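Here's a quick walk through a structure, with an eye on its charged side chains. Have the sequence and the 3D view open as you read.

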Amino acid sequence: MANIRSAEKQRRQAEKRKERNRASKSKLKGALKKARASVASGTDAVKDVLSSTFSQIDKAAKKGIIKPKPADRSKSRLAAASERTAAR
């Protein structure tokens, strides 16, 4: 338990940030799962799903939820998987 008021405030702020980050990360994971499923099934709406997923990945990287290089890597892998599926 914090004895200093500023430390108590910092704890409250950290809890709020933690919840916000956790929600964003969960949303991102759901979008990635949806995109992978869409690419694997080869549906017609792959471009729309990939576009929205790329947008969410970029937003998460911008907010610091995930780091920029893993964000780029996941976008690249999704795009490559989409190309492989389209080539079939």
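Does Arg11 count as buried, partly exposed or exposed, and what is its relative accessibility? Keep in mind that this is a predicted model. Arg11 comes out at 37% relative accessibility, so it counts as partly exposed; the exposed class would need over 50%.

**Overall layout**

Let's step back to the whole chain. There are three helices and zero strands, and reading along the sequence gives the pattern α-α-α. The radius of gyration is 18 Å, while the globule rule gives 12 Å for 88 residues, so the chain is more spread out than a compact globule. The C-alpha trace covers about 65 × 20 × 15 Å along its principal axes. As for cover, 23% of the 88 residues count as buried.

**Salt bridges**

Now for the charged pairs. Side chains of opposite charge can pair when their charged atoms come close. Searching the whole structure turns up three salt bridges, and here they are with their N to O distances:

| Positive partner | Negative partner | N to O distance |
|---|---|---|
| Arg11 | Glu8 | 2.3 Å |
| Arg11 | Glu15 | 2.6 Å |
| Lys75 | Asp58 | 2.8 Å |

Start with the pair of Lys75 and Asp58, which links distant parts of the chain. Lys75 sits in helix 3 (residues 68-87) and Asp58 in helix 2 (residues 46-63), with their positions 17 residues apart in the numbering. Asp58 has 36% relative accessibility, so it counts as partly exposed.

Salt bridges with shared partners also tie Glu8, Arg11 and Glu15 into one network. Arg11 and Glu8 are both in helix 1, three residues apart, which is about one turn of the helix. On the other side of the pairing, Arg11 and Glu15 are four residues apart in helix 1, and because of that spacing about one helical turn separates them.

How do the two glutamates compare with Arg11 for cover? Glu8 has 16% relative accessibility and therefore counts as buried, given that the cut-off is under 20%. Glu15 has a relative accessible area of 44%, so it is partly exposed.

**A positive patch**

Which residues gather in a patch of positive charge on the surface? They are Arg5, Lys9, Arg12, Lys16, Arg17 and Arg20. Take Arg5 as one of them: it lies in helix 1, which runs over residues 5-41. Arg5 reaches 77% relative accessibility, so it counts as exposed.

**A look at Asp48**

One more acidic residue is worth a click. Asp48 lies in helix 2, and with a relative accessible area of 58% it is exposed. How far apart are the C-alpha atoms of Asp48 and Ala35? The separation is 9.5 Å, for two residues that are 13 apart along the chain.

Terms used:
Residues numbered from 1 in each chain as written. Predicted model: local features only at pLDDT ≥ 70, side-chain atom pairs only at ≥ 80, totals over all residues. Heavy atoms only, no water. Patch = residues over 30% accessible without salt bridge, like charges linked within 9 Å, V, L, I, M, F, W, Y side chains within 5 Å. Areas by Shrake-Rupley, 256 points an atom, 1.4 Å probe, with all protein chains shown as cover. Salt bridge = Lys/Arg side-chain N within 4 Å of Asp/Glu carboxyl O. Lys, Arg positive; Asp, Glu negative; His and termini not counted. Charge placed at Lys NZ, Arg CZ, Asp CG, Glu CD. Helix = DSSP H or I, 4+ residues; strand = E, 2+ residues; numbered from the N terminus. Buried < 20%, exposed > 50% of the residue type's maximum accessible area, 1.4 Å probe, protein only. Rg over C-alpha atoms; globule rule 2.2 N^0.38 Å.
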